[in-house]
Amino acid sequence: MAATLVEEMRLHAAEPFPNSVEKGLDYGEVDAVMVGADIYGWAKRAGSRSDLDRSRSLQAAEELQRSIGAFPAEAQTYYERILRIARLALAA
């Protein structure tokens, strides 16, 4: 597991979207595509986010945490990395 936000983001960008996840569907509380796009976008601006963006990022991370188990088993590691990105960005 990578220890830094930059490394986690690099690994995520190199990883293909899981074939077992159907784009456009919600899994648990999150949209399969938008949760990753939103968290990645907020993480890119980790040092310059507004309070509103920080609040939305925290909410997305909490929703993803509660939703990981709703994804197909083989896709869960993909979303666990997104969750790590959110947590690292929130701690930055």
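This report walks through some aromatic pairs, buried residues and salt bridges of the structure above. Keep in mind as you read that the model is a predicted one.

**Aromatic rings**

Let us start with the rings. A pair of aromatic rings is described by two things, namely the distance of the centres and the angle of the planes. In this model the count of aromatic pairs comes to four. One of them is made by Y27 and F71, whose ring centres are 4.7 Å apart and whose planes differ by 15 degrees, a stacked arrangement. It is worth finding both residues in the sequence, as this pair links distant parts of the chain. Y27 belongs to strand β1 (residues 26–27), whereas F71 sits in the loop between α3 (51–67) and α4 (76–91). Along the chain, 44 residues separate the two.

Are Y27 and F71 buried or exposed? Y27 has a relative accessible area of 11%, so Y27 is buried. F71 has a relative accessibility of 2%, so F71 counts as buried too.

F71 also has a second ring partner, Y79. Why is the pair of F71 and Y79 called stacked? The planes of the two rings are at 20 degrees, and planes under 30 degrees apart count as stacked. The centres of these two rings lie 3.8 Å apart. Y79 is buried, just as F71 is.

Now step back from single pairs. Which residues form one aromatic cluster? They are F17, Y27, F71, Y78 and Y79. One member of this cluster, F17, has a charged neighbour as well: the charged end of K23 sits over the ring of F17, 5.1 Å from the ring centre.

**Two buried residues in helices**

Next, look for S67, which is part of helix α3. Its relative accessible area is 1%, so S67 is buried. A polar atom of the S67 side chain lies 2.7 Å from the backbone oxygen of E63. What does S67 touch once its neighbours within four places in sequence are left aside? The contacts are Y27, G28, E29 and V30. Y27 has already appeared above, as the stacked partner of F71.

Helix α2 (residues 34–44) gives another view of the inside. Its buried residues are V35, G36, I39, G41, W42 and A43. These buried residues are covered by several elements, including α1 (5–14), β2 (30–31), α3 and α4.

V35 is a good example to follow within helix α2. With a relative accessible area of 5%, V35 is buried. Beyond its neighbours within four places in sequence, V35 is in contact with V30, A60, L64, Y79 and I82. Two of these names are familiar: V30 is also in contact with S67, and Y79 stacks with F71. L64 deserves a look too. V35 and L64 are 29 residues apart along the chain, while their C-alpha atoms are separated by 7.4 Å.

**Salt bridges**

Finally, turn to the charged side chains. How many salt bridges are there? The count comes to six. The table shows three of them, with the N to O distance and the relative accessible area of each partner.

| Salt bridge | N to O distance | Relative accessible areas |
|---|---|---|
| E7 and R10 | 2.6 Å | E7 27%, R10 47% |
| E8 and R81 | 2.7 Å | E8 0%, R81 15% |
| D53 and R45 | 3.2 Å | D53 17%, R45 35% |

E7 and R10 both belong to helix α1, three residues apart, which is about one turn of the helix. Both partners are partly exposed, E7 at 27% and R10 at 47%.

E8 and R81 tell another story. E8 lies in helix α1 and R81 in helix α4, so their salt bridge ties together parts that are 73 residues apart in sequence. E8 is buried at 0% relative accessibility, and R81 is buried at 15%.

The third bridge in the table has one partner of each kind: D53 is buried, whereas R45 is partly exposed. Salt bridges can also share partners, and here that joins E8, E15, R81 and R84 into one network. When you look at E8 and R81 in the structure, try to find E15 and R84 as well, since they are part of that network.

Notes
Residues are numbered from 1 along each chain as its sequence is written. This is a predicted model: local features need pLDDT of at least 70, side-chain atom pairs count only at pLDDT 80 or more; totals for chains, interfaces and linings use all residues. Side-chain values use heavy atoms; hydrogens and water are left out. Rings of Phe, Tyr and Trp (its six-membered ring) pair if their centres lie within 6.5 Å; planes under 30 degrees apart count as stacked, over 60 as edge-to-face and the rest as tilted. Helices (H or I, at least four residues) and strands (E, at least two) are DSSP runs, numbered from the N terminus. Buried means under 20% relative accessible area, exposed over 50%, partly exposed in between (1.4 Å probe, protein chains only). A charge sits over a ring if NZ of Lys or CZ of Arg is within 6 Å of the ring centre and within 35 degrees of the ring normal. A polar contact is a pair of N or O atoms within 3.5 Å; within protein, one must be able to donate a hydrogen and the other to accept it, and residues adjacent in sequence count only if both atoms are side-chain atoms. Contact means heavy atoms within 4.5 Å. A salt bridge is a side-chain nitrogen of Lys or Arg within 4 Å of a carboxyl oxygen of Asp or Glu.
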